[in-house]
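Please open the model in a viewer and keep the sequence beside it. The tour below proceeds by selection, from the whole chain to single residues.

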Amino acid sequence: MAASRINIAVRSFSSSPVSQQMVKPPIQVFGLEGRYATALYSAASKQKALDSVEKDLVKFQGMIKTDQKLAEIIKDPSIKRKVKAEAFKQIGSSFNPATANLLSLLAENGRLAKVNQIINTFKLIMAASRGEVVCEVITAKPLDADSKSKLEAALKSLVKQGQNIQLTAKVDPTIIGGMIVSIGDKYVDMSVSSKIKKYTDLINAAV
């Protein structure tokens, strides 16, 4: 049902049979967020508005972080879908039609809780279209400039020729030490906390 609604949203931008065909993204994405992000990419591509839509979504993510009322509307399941849809219709009035359509569709379908994941998936698609590989590194302490530079060089050796690394470094003290690396669709957990958990599980299993 969700996929059919998404296809309806994409078709709403044009009624011609040729333009109703989906524009495939440069990378394959999965799950509910992948279907919405792919539909948005297709619709924005036909409008030649990919950059505009990406800017809208980045701006909207910023709004969620700074506007507590907006964040509450998104999270609160007791607010009726019609009310949310009307609110997001107003919010979307300053955005590109493709962006506004996405927000309205998520509100109508009760999928607003997934909006951040959908936006992040769309950003992954856009990064891939520019030849960028999104990498996220989580460490217990902030990386100094030298360590970050060496890590970036190491990650570059893992991507294809012509691709660029888009590195984001985050700090999470709970991992204790080591690091967690996500590069494209690959994920490697080299944190101390994961090793401790592994050994704890082995000990518990033995007991």
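**The whole protein**

Begin with the complete chain in a cartoon view, in which nine helices and four strands can be found. The model is a predicted one. Followed from the N terminus, the elements come in the order α-α-α-α-α-α-α-β-α-β-β-β-α. The protein has 207 residues, of which 36% are buried. Among the contacts with a separation of 6 or more, 65% join residues that lie 24 or more positions apart.

**Helices α2 and α3**

Next, select α2 (31-47) together with α3 (50-66). Their axes come within 8 Å and cross at roughly 135 degrees. An angle from 65 to 115 degrees would count as roughly perpendicular and one over 145 as roughly antiparallel; α2 and α3 are therefore oblique to each other. Display the side chains where they meet: α2 contributes L40, Y41, A44 and S45, and α3 contributes L50, V53 and L57. By class, six residues of this contact are nonpolar, one is polar and none is charged.

Now move to the loop between α2 and α3 and select K48. Is K48 buried or exposed? With a relative accessibility of 79%, K48 counts as exposed. Its backbone also deserves attention: K48 is not a glycine, yet its phi is positive, at about 55 degrees. Most residues other than glycine have a negative phi.

**From α3 to α4**

Keep α3 on display and add helix α4, residues 68-75. How do the axes of α3 and α4 cross? They do so at roughly 100 degrees, coming within 5 Å, and the two helices are therefore roughly perpendicular to each other. On the α3 side, the contact is formed by F60, M63, I64 and T66; on the α4 side, by Q68, L70, A71 and I74. Six of these residues are nonpolar, two are polar and none is charged.

**Around helix α4**

Remain at α4 and colour its buried residues, which are L70, A71 and I74. Why do they lie on the same side of α4? The reason is that they cover an arc of only 100 degrees around the axis. These buried residues pack against α3, and also against α5 (81-91) and α7 (115-129). Turn the view to the other side of α4, where Q68 and K69 are exposed. Finally, show D67 at the start of α4: one of its side-chain oxygens reaches to within 3.1 Å of the backbone nitrogen of K69.

**The loop between β2 and β3**

Proceed to β2 (164-171) and β3 (179-183), and select I176 in the loop between them. What is the phi of I176? It is near 75 degrees, a positive value in a residue other than glycine. I176 counts as exposed, at 52% relative accessibility.

**Strand β4**

The last stop is V188, in strand β4 (residues 186-189). V188 has a relative accessible area of 40% and is partly exposed. Which residues are in contact with V188, leaving aside its neighbours within four places in sequence? They are M179, I180 and V181. To close the tour, select V137 as well: V137 and V188 are 51 residues apart along the chain, and their C-alpha atoms are separated by 9.7 Å.

Note on methods:
Residues numbered from 1 in each chain as written. Predicted model: local features only at pLDDT ≥ 70, side-chain atom pairs only at ≥ 80, totals over all residues. Heavy atoms only, no water. Buried < 20%, exposed > 50% of the residue type's maximum accessible area, 1.4 Å probe, protein only. Arc of directions from axis to C-beta. Contact = heavy atoms within 4.5 Å. Polar contact = N/O pair within 3.5 Å; in protein donor to acceptor, adjacent residues only side chain to side chain. Axes fitted to C-alpha atoms, helices over the stretch in contact; angles between N-to-C directions. Parallel < 35°, antiparallel > 145°, perpendicular 65-115°, else oblique. Nonpolar A, V, L, I, M, F, W, Y, C, P; charged D, E, K, R; others polar.
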